[in-house]
Amino acid sequence: MYEYEYTPEKTDKSKKAAICLIIGASVLLLTVSLINGIAFKGVFQLVSFFIFGLAILFVTRSMKNFTYRITDNSDRGLDLTVTEVQGKSRITVCRVALSGISEATVCNRRELKKQKAEIRHEKKKFYCYTADIMEETVIVVHAVECGEPVVIILSYDEELYSILQK
């Protein structure tokens, strides 16, 4: 029985970004509230609430961890499963047969941006299961599952990448 498991390490970038966004939004909201005579006061308040929303996104994303696992499924062969871990909760959010993977590539941020635009243009579904929101290097997996093309974005690991290329 073959089994491989990898849990990417998180950096503190998301937490630091969330703290900066909260401080920035708070300063903007307090400044607008305390100083009278500011033009477009409502616009500045809306911008500060938008920044608070981004901070919430970063905080919730920083609380999630993902575990990638290659397991032997007696019915289909090897499967790639992605499990979301948040506190004590463990939910399998993705399961793809390795035989259904057509391509796995390593991309940096610039290449990923181009690939995402292409994926959106082709109207394919894509799922991002990276440890951090903006990772330097990722694995982009193109697969067909249940007859539907999907793209899965994973944190980079050399061993995982070599398994997915086979």
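**Exercise 1. Which strands does H4 lie across, and which others does it touch?**

Solution. Start with the helix itself.
- H4 lies across E5, E7 and E8, and it runs at about 150 degrees to E5.
- Keep in mind that you're looking at a predicted model.
- Next, turn to the sheet that holds E1, E2, E3 and E4, in the order E1-E2-E3-E4; it is open, and its pairing is antiparallel.
- At the edges of this sheet you'll find E1 and E4 (89–97), each of which pairs on one side only.
- From one strand to the next, the twist averages 20 degrees.
- Helix H4 (residues 158–165) packs on this sheet too, where it touches E1, E2 and E3, and its direction makes about 40 degrees with that of E2.

**Exercise 2. Find the buried residues of H4 and work out why they line one face of the helix.**

Solution. Take the residues, then the view down the axis, then the partners.
- Leu160, Tyr161, Ile163 and Leu164 are buried in H4.
- Looking down the axis of H4, you'd see its buried residues fall within an arc of 160 degrees, so they line one face of the helix.
- What do these buried residues pack against? Their partners are E1, E2, E3, E5, E7 (137–145) and E8 (148–155).

**Exercise 3. Trace the pairings of E2 on both sides.**

Solution. Go one neighbour at a time.
- On E1: E1 (residues 3–6) and E2 (residues 65–73) pair over 4 bridges, in the antiparallel sense.
- To pin that pairing down, pick Tyr4: its bridge partner in E2 is Ile70.
- On E3: E2 and E3 (residues 77–86) run antiparallel and are joined by 9 bridges.
- One pair to look for here is Thr67 with its bridge partner in E3, Thr83.
- Another is Asn73, which stands opposite Gly77 in E3.
- Finally, look at the link: E2 and E3 form a hairpin, with 3 residues between them.

**Exercise 4. In what order do the strands of the mixed sheet stand, and why is one side of E5 and of E6 left without a neighbour?**

Solution. Order first, edges second, one pairing last.
- The sheet is open and has 4 strands in the order E5-E7-E8-E6, with mixed pairing.
- E5 and E6 (125–129) stand at its edges with a single partner strand each, so one side of each has no neighbour in the sheet.
- The twist here averages 20 degrees from one strand to the next.
- For a parallel pair, check E6 and E8, which are paired over 5 bridges.
- Within that stretch, look for Tyr127, standing opposite Ile152 in E8.

**Exercise 5. Is Cys107 buried or exposed, and what is it in contact with?**

Solution. Locate it, classify it, then list its contacts.
- Cys107 sits in E5 (residues 101–108).
- Its relative accessibility is 4%, and buried means under 20%, so Cys107 counts as buried.
- Skipping neighbours within four places in sequence, Cys107 is in contact with Leu112, Gln115, Glu136, Thr137, Val138 and Val140.
- Now compare with Ser26: it is 81 residues from Cys107 along the chain, and their C-alpha atoms are separated by 36 Å.

**Exercise 6. Lys123 and Cys146 aren't glycines, so check phi: where do these residues sit, and are they buried or exposed?**

Solution. Do one residue, then the other.
- Lys123 has a positive phi of about 60 degrees, even though it is not a glycine.
- Its place is in the loop between H3 (109–121) and E6.
- Lys123 has 74% relative accessibility, so it counts as exposed.
- Cys146 has a positive phi as well, near 55 degrees, and it is a residue other than glycine.
- You'll find Cys146 in the loop between E7 and E8.
- With a relative accessible area of 79%, Cys146 is exposed.

**Exercise 7. Step back to the whole chain: why is it more spread out than a compact globule?**

Solution. Read the fold, then put numbers on it.
- The chain has 4 helices and 8 strands.
- Along the sequence, their pattern is β-α-α-β-β-β-β-α-β-β-β-α.
- The radius of gyration is 20 Å, well over the 15 Å that the globule rule gives for 166 residues, so the chain is more spread out than a compact globule.
- For its extent, the C-alpha trace spans about 70 × 35 × 25 Å along its principal axes.
- Of the 166 residues, 36% are buried.
- Among contacts with a separation of 6 or more, 57% come from residues 24 or more positions apart.
- The accessible surface comes to about 10,300 Å², and 59% of it belongs to carbon and sulfur atoms.

Conventions: Residues are numbered from 1 along each chain as its sequence is written. This is a predicted model: local features need pLDDT of at least 70, side-chain atom pairs count only at pLDDT 80 or more; totals for chains, interfaces and linings use all residues. Side-chain values use heavy atoms; hydrogens and water are left out. Two strands pair if DSSP finds at least two bridges between them. Helices (H or I, at least four residues) and strands (E, at least two) are DSSP runs, numbered from the N terminus. Axes are lines fitted to C-alpha atoms, for helices over the stretch in contact, and angles run from 0 to 180 degrees between N-to-C directions. Contact means heavy atoms within 4.5 Å. The radius of gyration is taken over C-alpha atoms; the globule rule is 2.2 Å times the number of residues to the power 0.38. Buried means under 20% relative accessible area, exposed over 50%, partly exposed in between (1.4 Å probe, protein chains only). Accessible areas come from the Shrake-Rupley method with a 1.4 Å probe; for residues, only the protein chains shown count as cover. The arc is that of the directions from the helix axis to the C-beta atoms.
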